[in-house]
Amino acid sequence: MKELPLYQKCFVCGDANPAGLRVRFYADGEEVRAGFVPDERWEGYPGMVHGGVLAALLDEVMYKAVFAQGEFTVTAKIEVRFRSPARVGVPLEARGRAGDRKGRLIKAQGEIRDGENRLIATAAGTFCVLPPAQQKDLPGTPGASPFETLT
């Protein structure tokens with residue numbers, strides 16, 4: 001598995017965001033994976049992870065799946081279906097896969113499961129490929145100082 005680059009201030013993956021999740025993403029063939037153990041900072045109801053945190057994790061794992069295919073995109077649309085509550089302190093695994101492309105739009109799917117393989121949430125997303133002029137400061141491009149490319 002190959003660790004994917006991160007943006008230092010990203011809420012989901014950045015190390016320089018004190019409020020962030022600091023999740024690491026790994027490409028494994030056509031799939032991207034990430035592990036995350038939520039703590040009480042991410043609660044909605046007592047003991048339950050806030051749905052917005054789960055949605056952010058799904059958005060990022062789908063984005064990273066598209067990025068791993070060599071595309072620089074932004075999220076155009078995301079639809080999340082919550083299946084079971086995620087519990088604070090219980091490890092989660094997010095998985096994402098890029099799908100079909102139509103013009104500048106690329107579809108992707110994601111899911112989160114807990115340590116017992118229980119389905120927590122699923123997502124479908126549409127990602128819009130950025131024009132070359134807007135890609136110059138993105139991870140993996142020359143001169144992208146705010147980004148860190150990991151080995």
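Start at the hairpin formed by E6 and E7, which has two residues between its strands. Select Gly103 in the turn: its phi is positive, about 65 degrees. The model is predicted, and every value on this tour is computed from it.

Next, select Lys102. Its bridge partner is Leu105 in E7. Then move along the strands to Ala98, which stands opposite Ala108 in E7. Now show both strands in full, E6 as residues 92–102 and E7 as residues 105–114. They run antiparallel and are joined by nine bridges.

Turn to the other neighbour of E6. Select E4, residues 31–36. Six bridges join E4 to E6, and this pair is antiparallel too. One place to look is Phe36, which stands opposite Leu92 in E6.

Now colour the whole sheet. It is open and has seven strands, in the order E1-E3-E4-E6-E7-E8-E5, with antiparallel pairing. The edges are E1 and E5 (residues 73–82), each of which pairs on one side only.

At the E1 edge, select Glu3; strand E1 covers residues 2–3. Is Glu3 buried or exposed? Its relative accessible area is 16%, so it falls under the 20% cut-off and counts as buried. Add Arg24 to the selection: the side chains of Glu3 and Arg24 make a polar contact at 3.1 Å.

From Glu3, go to Phe25, which touches it. Leaving aside residues up to four places away in sequence, Phe25 also touches Lys2, Leu4, Val12, Cys13, Val32, Arg33, Ala34, Leu57, Glu60, Val61 and Lys64. Show these as sticks to see what surrounds the ring.

Phe25 leads into the largest nonpolar core, which has 37 residues. Select Val12, Val23, Phe25, Phe36, Leu57 and Ile112, the residues with the most contacts inside this core. Which elements give two or more residues to the core? They are strands E3 (25–28), E4, E6, E7 and E8 (119–129), together with helix H1 (51–67). H1 provides the largest share, 11 residues.

To finish, keep the core selection on screen and bring back the sheet. Phe36 now appears twice on the route: as the residue opposite Leu92 in E6, and among the residues with the most contacts inside the core. Leu57 is also on that list, and it is one of the residues that Phe25 touches.

Key. Residues are numbered from 1 along each chain as its sequence is written. This is a predicted model: local features need pLDDT of at least 70, side-chain atom pairs count only at pLDDT 80 or more; totals for chains, interfaces and linings use all residues. Side-chain values use heavy atoms; hydrogens and water are left out. Helices (H or I, at least four residues) and strands (E, at least two) are DSSP runs, numbered from the N terminus. Buried means under 20% relative accessible area, exposed over 50%, partly exposed in between (1.4 Å probe, protein chains only). A polar contact is a pair of N or O atoms within 3.5 Å; within protein, one must be able to donate a hydrogen and the other to accept it, and residues adjacent in sequence count only if both atoms are side-chain atoms. A nonpolar core is a set of buried Ala, Val, Leu, Ile, Met, Phe, Trp, Tyr and Cys residues joined through side-chain atoms within 4.5 Å. Contact means heavy atoms within 4.5 Å. Two strands pair if DSSP finds at least two bridges between them.
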